[in-house]
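The following exercises ask the student to read a protein structure step by step. Each task is followed by a worked solution.

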Amino acid sequence: MHLSRILAGILPAILSVITSNGQQSTANISPAWKAAYAKADKALANLALEDKVNVMTARCIGNTSPVPSISFPGFCLEDSPLGVRLASNVSAFPAAINVASTFNRTLMRQRGEAMGAEFRGKGVNVALGPMMNLMRAPAAGRNWEGFGGDPFLSGEGAFETITALIVSTSATAKHFVNNEQEHFRTTSSSNVDDRRQHEVYTIPFLRSVQAGVAAIMCSYNQINSTYACENDKTLNGILKGELGFQGCNVAHFFADWGATHSTAPAVLSGLDATMPGDHAPGSNSSFFGTNLIAAVQNGSVPESRVDDMARRILAAWFLLGQDENYPPVNFDSHNNSAPDDQQVDVQGDHKILIREIGKASTVLLKNIKNTLPLKKQKTIGIIGNGAGPNSRGPNGYPDRTGDDGVLAMGWGSGTANFPYLITPLDAITARAAEDGSTVSSTLNDTDLVAAANVASGKDVALVFITADSGESSNVEGNQGDRNDLQAWHSGDALVEQVAKFSANTIVVVNSVGPIVVEAWIDHPNVTAVVWSGLPGQEAGNSVTDILYGAYNPSGRLPYTIGKSITDYAAQVIYTSAVPILPIAYSEGIFIDYRHFDAAEIAPRFEFGFGLSYTEFAYSKLSIRGNPRGGQAPTGPGSSLDPWCALHDPVVSVQFTVRNTGAVAGHEVPQLYVSLPASTNSPPRMLKGFDSVFVTPGASRVVTLQLSRFDFAMWDVVQQRWVVPAGKIGISVGASSRDIRLSGSL
């Protein structure tokens with residue numbers, strides 16, 4: 001077996017899209033792409049039909065076939081969005097949801113650079129990430145693999161990650177599109193209208209194309225009753241047409257082999273490659289391979305289309321320079337102890353960055369009585385399984401399918417093996433020893449007597465709670481998606497018990513997304529809440545740096561924490577009595593904070609919220625420029641076309657941030673745009689942010705640039721982006737509801 005096989009059941013493939021008339025568009029092709037296509041055309045001239053088909057038909061899990069005549073070795077494709085999956089001597093980075101919490105483009109890009117280096121070091125041609133489906137339903141299982149509940153923030157996370165990844169390897173934007181729950185993911189139809197598709201769900205993919213992504217992965221579900229991997233409207237119409245996408249897509253297959261459903265219809269709608277066995281599990285037969293050759297021979301697929309498919313795949317290979325001096329695959333993802341797994345260590349000094357992102361992504365939600373940072377307490381109690389080690393070791397559960405010990409990533413194909421995992425208990429104990437503090441602990445979530453004993457009489461009691469989710473697999477009765485938004489393992493009861501016996505209770509939350517905290521958030525003895533998320537291998541060190549003030553908290557929520565699950569606009573659908581479950585995206589463009597704002601629902605903690613150990617003041621708002629002028633075109637490349645510089649800066653927003661407290665730290669100013677009421681748009685939409693470091697008493701001038709696209713809406717009649725007439729509001733603040741400065745255009 002080839003060294004780069006991916007775990008059985010995760011069966012990726014390569015696909016691409018063409019324009020509606022089957023021709024390759026030349027609009028907006030960069031010089032690099034033109035050069036890559038020239039090389040691809042030269043190689044293609046030497047290939048017979050069978051060779052062309054072999055380029056796009058995989059013979060073993062996770063690999064496309066080699067073509068010796070042009071020295072094409074085939075692609076090694078490997079998960080995941082937070083590190084090289086199923087490999088040894090690699091890093092386990094913070095999840096994308098934590099990266100989004102930093103609101104820091106530099107850290108987003110540095111993480112992408114580090115991950116890209118590790119994928120390349122292992123010989124992986126195509127990294128299957130980042131994931132950028134939106135947090136439409138807060139309990140959806142794979143939310144933590146993405147960048148949260150806002151299309152702009154998700155797009156920026158995708159852009160920065162991909163820009164950095166492709167320096168070393170090929171990145172994959174996934175899953176295209178409308179894959180927002182695990183239940184019925186292969187037997188559901190996401191029914192989405194044209195405006196919300198453009199203004200919400202395809203935005204991160206548009207930014208991925210702008211970043212130069214060479215691969216996009218289609219999703220399992222149907223979109224408006226047509227499977228995503230053979231959906232002409234989304235693949236040929238939006239992706240290749242409006243976005244002018246030049247690269248190849250990757251279709252992601254799982255054990256049910258459910259993403260490819262035909263030969264000619266799929267190929268003519270945009271699918272470029274597939275894995276063997278997609279007829280049925282274990283069948284070792286494909287809709288491509290000999291079936292595709294037969295389709296060409298009987299005239300149902302023109303050979304020119306096969307040429308286009310092979311050209312796209314080869315062009316991506318040439319574009320990224322993988323035809324020269326690219327490291328060979330050196331690991332075996334099925335068996336890291338196999339003789340052909342060379343145990344190449346690619347970690348470098350990435351643990352430093354992982355710890356930095358862990359700190360920067362931690363969100364301080366509550367801090368009364370100056371509880372934090374800790375101040376040389378004599379006695380400390382640590383309570384909760386989430387503070388300690390996994391009973392089976394950090395990699396004891398396959399693909400992390402067990403919520404045991406500190407939660408540093410969710411479960412499923414979006415995981416990586418931990419080289420080690422620092423627990424909060426170990427990190428806090430080590431730091432407490434410097435102060436001469438005594439630490440007592442209990443790691444049993446349900447032993448409330450032990451919790452009371454450890455909390456009683458301590459200067460401070462730290463209680464750790466978790467909530468987990470992932471892909472497909474059933475973990476503690478949760479089938480991928482969470483069953484609700486409650487803390488796991490009776491976490492509410494644990495917090496309430498500790499708060500009964502400690503007047504200084506600090507709650508630390510490691511969670512895949514929002515949980516309902518109403519049972520204890522207002523308890524007078526709960527003096528601080530620290531939202532640690534999924535921080536990766538340095539989990540314990542990162543949260544300890546926050547607790548002791550080695551780092552001033554700067555993380556901000558990339559989603560809304562509501563008071564009830566029913567406060568959110570959309571929910572996971574858990575039952576179905578029909579073969580294909582219709583999922584109506586009836587909330588339109590109003591998801592997460594957009595819905596809370598429009599429906600005037602008070603959240604517990606709003607999108608963008610996060611406290612600091614200091615205070616910041618905003619002043620001197622200046623708005624200059626004009627977003628109107630010109631008319632956007634329609635057709636191929638229109639969403640990226642230089643329509644009077646559609647994506648170039650045309651409005652400059654400037655303001656001053658002053659640190660009025662006594663501690664240096666980062667502030668995260670956020671810019672929101674409000675379109676005229678006639679557009680039926682959300683009250684506020686995030687269109688800019690920054691993370692600025694300011695010392696006590698000092699000020700920083702912040703300038704945020706906006707393009708026409710930032711003010712545009714999708715006109716479904718004209719099929720183009722338009723800037724609406726009327727007054728446009730611009731708000732700047734510390735969160736979506738903490739608005740400090742307002743102006744208009």
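## Exercise 1: An open sheet

In this predicted model, an open sheet is formed by 4 strands in the order β23-β22-β28-β29, with antiparallel pairing.

**Task.** Determine which strands stand at the edges of this sheet, and how β28 is joined to β29.

**Solution.**

Step 1. β23 and β29 (739-744) are the edge strands; each has a single partner strand, so one side of each is left without a neighbour in the sheet.

Step 2. On average, and with direction ignored, neighbouring strands of this sheet are turned by 25 degrees against each other.

Step 3. Strand β28 (residues 729-733) runs antiparallel to β29, and 5 bridges join the two. Within this pairing, valine 732 is located opposite leucine 741 of β29.

Step 4. For background, the strands of a sheet pair through backbone hydrogen bonds, either parallel or antiparallel.

## Exercise 2: A record and the chain it describes

**Task.** State which feature UniProt places at residues 667-736, and describe the chain over these residues.

**Solution.**

Step 1. The UniProt record, an unreviewed entry, places "domain: Fibronectin type III-like" at residues 667-736.

Step 2. Over residues 667-736, 49% of the chain is strand and 6% is helix. The end C-alpha atoms of this stretch are 14 Å apart.

## Exercise 3: Strand pairs and their partners

**Task.** For β20, find how many bridges join it to β19 and how many join it to β25.

**Solution.**

Step 1. Strand β19 (residues 616-625) pairs with strand β20 (residues 649-659) over 8 bridges, in the antiparallel sense. Here serine 622 has glutamine 654, in β20, as its bridge partner.

Step 2. β20 and β25 also run antiparallel and are joined by 9 bridges. In this pair, threonine 656 has valine 701 of β25 as its bridge partner.

## Exercise 4: A sheet with mixed pairing

**Task.** Give the strand order of the sheet whose pairing is mixed, and identify the sense in which β5 and β7 pair.

**Solution.**

Step 1. The order is β8-β7-β5-β18, and these 4 strands form an open sheet.

Step 2. The edges are occupied by β8 (226-227) and β18 (581-584); each has a single partner strand, so one side of each lacks a neighbour in the sheet.

Step 3. Strand β5 (residues 188-191) and strand β7 (residues 222-223) pair in the parallel sense, over 2 bridges. Serine 189 has glutamine 222, in β7, as its bridge partner.

## Exercise 5: The largest pocket

**Task.** Describe the volume of the largest pocket, and state which element gives the most to its lining.

**Solution.**

Step 1. The volume of the largest pocket is about 530 Å³.

Step 2. Its lining consists of 31 residues, and those nearest the centre are Phe152, Glu156, Lys687, Ser707 and Asp710.

Step 3. At least two lining residues come from each of α5 (151-165), α6 (194-201), α7 (203-211), β23 (685-689), β25 (699-707) and α18 (708-711). The most is given by β23, with 5 residues.

Step 4. By class, the lining comprises 15 nonpolar, 7 polar and 9 charged residues.

## Exercise 6: Enclosed cavities

**Task.** Describe the linings of the largest cavity and the second largest cavity.

**Solution.**

Step 1. The count comes to 7 cavities of 30 Å³ or more.

Step 2. The largest cavity has a volume of about 120 Å³. Among its 15 lining residues, Asn390, Arg400, Gly402, Asp404 and Val406 lie nearest its centre. The lining has 8 nonpolar, 3 polar and 4 charged residues.

Step 3. The second largest cavity has a volume of about 90 Å³. It is lined by 13 residues, of which Met131, Arg142, Asn143, Asn179 and Glu180 are the closest to its centre. This lining has 3 nonpolar, 6 polar and 4 charged residues.

## Exercise 7: Backbone exceptions

**Task.** Locate the cis peptide bond before proline 373, and explain why lysine 369 counts as exposed.

**Solution.**

Step 1. Most residues other than glycine have a negative phi, and most peptide bonds are trans.

Step 2. Leucine 372 and proline 373 are joined by a cis peptide bond, with omega about 0 degrees. Proline 373 is in the loop between β10 (363-367) and β11 (379-383).

Step 3. Lysine 369 also lies in the loop between β10 and β11. Although it is not a glycine, lysine 369 has a positive phi of about 60 degrees.

Step 4. Exposed means over 50% relative accessible area. Lysine 369 has 61% relative accessibility and therefore counts as exposed.

Methods. Residues are numbered from 1 along each chain as its sequence is written. This is a predicted model: local features need pLDDT of at least 70, side-chain atom pairs count only at pLDDT 80 or more; totals for chains, interfaces and linings use all residues. Side-chain values use heavy atoms; hydrogens and water are left out. On a 1 Å grid over the protein atoms alone, a cavity is a set of points where a 1.4 Å probe fits but cannot get out, and a pocket is an open set with protein on both sides within 12 Å along at least five of seven lines; lining residues have an atom within 4 Å of a point. Grid points are joined across faces, edges and corners, and a volume is the space filled by probe spheres set on the points. Ala, Val, Leu, Ile, Met, Phe, Trp, Tyr, Cys and Pro count as nonpolar, Asp, Glu, Lys and Arg as charged, and the others, Gly among them, as polar. UniProt positions are given in the numbering used here, feature names are shortened, and annotations may be inferred rather than shown by experiment. Two strands pair if DSSP finds at least two bridges between them. Axes are lines fitted to C-alpha atoms, for helices over the stretch in contact, and angles run from 0 to 180 degrees between N-to-C directions. Buried means under 20% relative accessible area, exposed over 50%, partly exposed in between (1.4 Å probe, protein chains only).
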